[in-house]
Amino acid sequence: MQYRALVGVYKQLEQTTKRLEKTDILSRFLITVPDDELSHVLLLLQVRVFPQWDSREVGMSTQLLLKAIALATGIAQEKAEAHWAQSGDLGATAAAFIAKKTQATLFSQELSTKKVFDNLFKLAEQEGQGTVDKKLKLVAELLTSATPEEAKYLVRTVLAELRIGLGEGTIRDAVVW
């Protein structure tokens, strides 16, 4: 499943405050998700990579995300920091800089939910020497292939601050529907 489909749902959920409307949007979306991808799509909707009982975390700081944005776009990190200070949303900063990136890439592919989930999973597994560089490259890889809207939600997912007003109860109700 393409990540842009999930981003479309994020946008719809962000635009409404009505719980029943969110449940309806989500239930209609979940029907379209292939069975083999449902578990990781549900985790992404909860802004998680691991189930709730698992204590592992992605462990990525805002400063490292700023570096990843700079690496993926070719724009100075200081400019990203200034934009972030003004907007207050690092996801919006990523979207703005991806839209006007100067960094050309040799290879870019359309993001899938599986690719996003796998890279986020790898972020949490990184340990030892060179961890920071590996994490930086994993996020930059996603950002170079992302559209501005995808970049916005990717960064928010890494920070576990999706800002779409979706709780576990709404997800549960959507599954039931």
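**Entry 1. Helix α3**

I began with helix α3, in which the buried residues are H40, V41, L42, L43, L44 and L45. The model is a predicted one, and I read every value below as computed from it. The helix runs over residues 38–45 and is mostly covered, with six of its eight residues buried. I then looked for what covers these residues, and found that the cover includes α1, α2, α7 (113–125), α9 and α10 (168–176).

**Entry 2. V47, after α3**

I moved to the residue V47, which lies in the loop between α3 and α4. Just after α3, V47 takes a positive phi of about 60°. I noted this angle because most residues other than glycine have a negative phi. V47 is not a glycine, yet its phi is positive.

Is V47 buried or exposed? I count V47 as buried, because its relative accessibility is 19% and the cut-off for buried is under 20%.

**Entry 3. A160**

I looked up a further residue with a positive phi. A160, which is not a glycine, has a phi near 60°. I placed A160 in the loop between α9 and α10.

**Entry 4. The largest pocket**

I turned next to open spaces at the protein atoms. The largest pocket has a volume of about 220 Å³. Its lining is made up of 14 residues, and V47, R56, E57, V58 and A160 are the closest to its centre. V47 and A160, whose phi values I had recorded above, are thus both among the residues closest to the pocket centre. I sorted the lining by class and obtained nine nonpolar, two polar and three charged residues.

**Entry 5. The cavity**

I then asked what a probe finds in the interior. Rolling a probe the size of a water molecule over the atoms shows where empty space is left. How many cavities of 30 Å³ or more does a search of the whole structure find? I recorded one. The largest cavity has a volume of about 40 Å³.

I listed its lining as L120, V139, L142, L143, L154, V155 and V158. Helices α8 and α9 each supply at least two of these lining residues. By class I counted seven nonpolar residues in the lining, with no polar and no charged ones.

**Entry 6. The nonpolar core**

I looked up the largest nonpolar core, which has 57 residues. Which residues have the most contacts inside this core? I noted Y3, Y10, L26, L45 and L143. L143 also belongs to the lining of the largest cavity, and L45 is one of the buried residues of α3.

I followed Y10 further. Setting aside residues up to four places away in sequence, Y10 touches Y3, L44, L45, Y153, T157, L162 and I164.

**Entry 7. V9 in α1**

I found V9 in helix α1. V9 counts as buried because its relative accessible area is 5%. Beyond its neighbours within four places in sequence, V9 is in contact with I25, L26 and F29. I checked the pair V9 and I25: the two are 16 residues apart in sequence, and their C-alpha atoms are 7.3 Å apart in space.

**Entry 8. Helix α6**

I went on to helix α6, residues 90–99, which is mostly covered, with seven of its ten residues buried. The buried residues are L90, G91, T93, A94, A95, F97 and I98. I identified their packing partners as α4 (62–73), α5 (77–87), α8 (131–145) and α9 (148–158). At the start of α6, I noted that a side-chain oxygen of D89 comes to within 2.9 Å of the backbone nitrogen of G91.

**Entry 9. Two loop residues**

I closed with two residues in loops. K18 sits in the loop between α1 (3–14) and α2 (19–32). I count K18 as exposed because its relative accessibility is 53%, against a cut-off of over 50%. The C-alpha atoms of K18 and G165 are separated by 9.5 Å, although the two residues are 147 residues apart along the chain.

D35 lies in the loop between α2 and α3. At 73% relative accessibility, I count D35 as exposed. I also looked up D35 with T131: the two are 96 residues apart along the chain, and 33 Å separates their C-alpha atoms.

Methods
Residues are numbered from 1 along each chain as its sequence is written. This is a predicted model: local features need pLDDT of at least 70, side-chain atom pairs count only at pLDDT 80 or more; totals for chains, interfaces and linings use all residues. Side-chain values use heavy atoms; hydrogens and water are left out. On a 1 Å grid over the protein atoms alone, a cavity is a set of points where a 1.4 Å probe fits but cannot get out, and a pocket is an open set with protein on both sides within 12 Å along at least five of seven lines; lining residues have an atom within 4 Å of a point. Grid points are joined across faces, edges and corners, and a volume is the space filled by probe spheres set on the points. Ala, Val, Leu, Ile, Met, Phe, Trp, Tyr, Cys and Pro count as nonpolar, Asp, Glu, Lys and Arg as charged, and the others, Gly among them, as polar. Buried means under 20% relative accessible area, exposed over 50%, partly exposed in between (1.4 Å probe, protein chains only). Helices (H or I, at least four residues) and strands (E, at least two) are DSSP runs, numbered from the N terminus. Contact means heavy atoms within 4.5 Å. A polar contact is a pair of N or O atoms within 3.5 Å; within protein, one must be able to donate a hydrogen and the other to accept it, and residues adjacent in sequence count only if both atoms are side-chain atoms. A nonpolar core is a set of buried Ala, Val, Leu, Ile, Met, Phe, Trp, Tyr and Cys residues joined through side-chain atoms within 4.5 Å.
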